[in-house]
Amino acid sequence: MKKYQISFFTFLTFVLFSQNVVSQTDFNKLDTKGKKHGIWKGFFEESKRPRYEGTFEHGKEIGIFNFYDDTKAKSIIATREFNAKDNSAYTIFYDQKSNKVSEGKVVNKLFEGQWKYYHLASKNIMTTENYSKGKLEGLRTVYYLNGKIAEEINYKNNLKNGFYKKYTENGIVLEESAYKNDLYNGLAIFRDSNGNVVSKGQFLNGKKSGIWQFFEKGKVVKEMNMSFPENATKGKNN
């Protein structure tokens, strides 16, 4: 009877050990060429908690990868859905309460196409941006929480180039201006929250240039040659 108990204990130990080996080798495998293949899991170095999980096919990511925060809750803070055809990954970032923070496509680890950013803990879009090979290209729009446009600006090669508009929540245009290579350049008009023009004039390479007019109640109260500001003159209607 004693011999049977020892044999059973040995057998049980073998079974448990075998199960443990299976669970340890059920992921993070390599194919015959040494490339990642099958389910892969990454872990945080210090806590040893799960960091990410996804599937490789002979060294290439496929399907959806989940990324987790370093807490016991194991909250998903990002997902990436890989597309082998164009080497892209549609990426979504989340806060720890599962609200979307931003989403868009990544190609060769660079932002591509339109990206959306959301207001805090909201489904409402805060900003849309357009990218080409990781650089801002085209229209960038910022929205108020109610969906009304707050700002519009155009980009080229990651620099502000073209028109810029800034609005109140009621749709009044506070500023109309233009940029060239990230600097104010060209005509600019500034208004108050009632839509009345406060000032207007030209910018050159980021600095005010030439004659600028300043208004009160719709009338010019001052004109200044910004190239020579000491030559300021009062408006005719002052």
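Here are some short exercises on the structure above, each with a worked solution.

This is a predicted model, in which local features need pLDDT of at least 70 and side-chain atom pairs count only at pLDDT 80 or more, while totals for chains, interfaces and linings use all residues. Residues are numbered from 1 along each chain as its sequence is written, and side-chain values use heavy atoms, with hydrogens and water left out.

**Exercise 1. The whole chain**

Find how many helices and strands the protein chain has, and what percentage of its residues is buried.

Solution. Start with the elements: helices (H or I, at least four residues) and strands (E, at least two) are DSSP runs, numbered from the N terminus. The protein chain has 1 helix and 20 strands. Next comes burial, where buried means under 20% relative accessible area, exposed over 50%, and partly exposed in between (1.4 Å probe, protein chains only). Of the 238 residues in the protein chain, 24% are buried. Then turn to the surface, using accessible areas from the Shrake-Rupley method with a 1.4 Å probe; for residues, only the protein chains shown count as cover. The chain exposes about 16,200 Å², and carbon and sulfur atoms supply 54% of that area. Finally, look at contacts, meaning heavy atoms within 4.5 Å. Among contacts between residues at least 6 apart in sequence, 5% join residues at least 24 apart.

**Exercise 2. The largest nonpolar core**

List the residues of the largest nonpolar core, then follow the contacts of I153.

Solution. A nonpolar core is a set of buried Ala, Val, Leu, Ile, Met, Phe, Trp, Tyr and Cys residues joined through side-chain atoms within 4.5 Å. The largest one has 9 residues: V106, W115, Y117, Y131, L136, I153, Y155, Y164 and Y179. Strand 8 (110-118) and strand 12 (149-156) each supply at least two residues of this core. Now pick out I153: leaving aside neighbours within four places in sequence, I153 is in contact with G138, L139, R140, K160, F163, Y164 and Y179.

**Exercise 3. The largest pocket**

Work out which strands supply the lining of the largest pocket, and which residues lie nearest its centre.

Solution. First, the term: on a 1 Å grid over the protein atoms alone, a pocket is an open set of points where a 1.4 Å probe fits, with protein on both sides within 12 Å along at least five of seven lines, and lining residues have an atom within 4 Å of a point. The volume of the largest pocket is about 400 Å³, where grid points are joined across faces, edges and corners and the volume is the space filled by probe spheres set on the points. Its lining has 19 residues, with E61, R80, F82, A89 and K109 nearest the centre. At least two lining residues come from each of strand 3 (50-57), strand 4 (60-68), strand 5 (76-83) and strand 6 (88-94). Strand 4 gives the largest share, 4 residues. By class, the lining has 9 nonpolar, 4 polar and 6 charged residues; Ala, Val, Leu, Ile, Met, Phe, Trp, Tyr, Cys and Pro count as nonpolar, Asp, Glu, Lys and Arg as charged, and the others, Gly among them, as polar.

**Exercise 4. Two residues in one loop**

Decide whether T168 is buried or exposed, and find what I172 touches.

Solution. Locate T168 in the loop between strand 13 and strand 14. T168 counts as buried because its relative accessible area is 13%. Beyond four places in sequence, T168 is in contact with Y144, I149, L174 and S193. I172 also has its place in the loop between strand 13 (159-167) and strand 14 (173-180). With a relative accessible area of 24%, I172 is partly exposed. Not counting residues up to four places away in sequence, I172 touches K166, Y167, D192, S193, N194 and G195. The C-alpha atoms of I172 and G195 are 5.9 Å apart, although 23 residues separate them along the chain.

**Exercise 5. Positive phi**

Compare the settings of N181 and K217.

Solution. Begin with the background: most residues other than glycine have a negative phi. N181, not a glycine, has a positive phi of about 50°. N181 is in the loop between strand 14 and strand 15 (183-184), and is partly exposed at 47% relative accessible area. For K217, phi is near 55°, also positive. K217 lies in the loop between strand 18 (207-216) and strand 19 (219-225), and counts as exposed because its relative accessibility is 85%.
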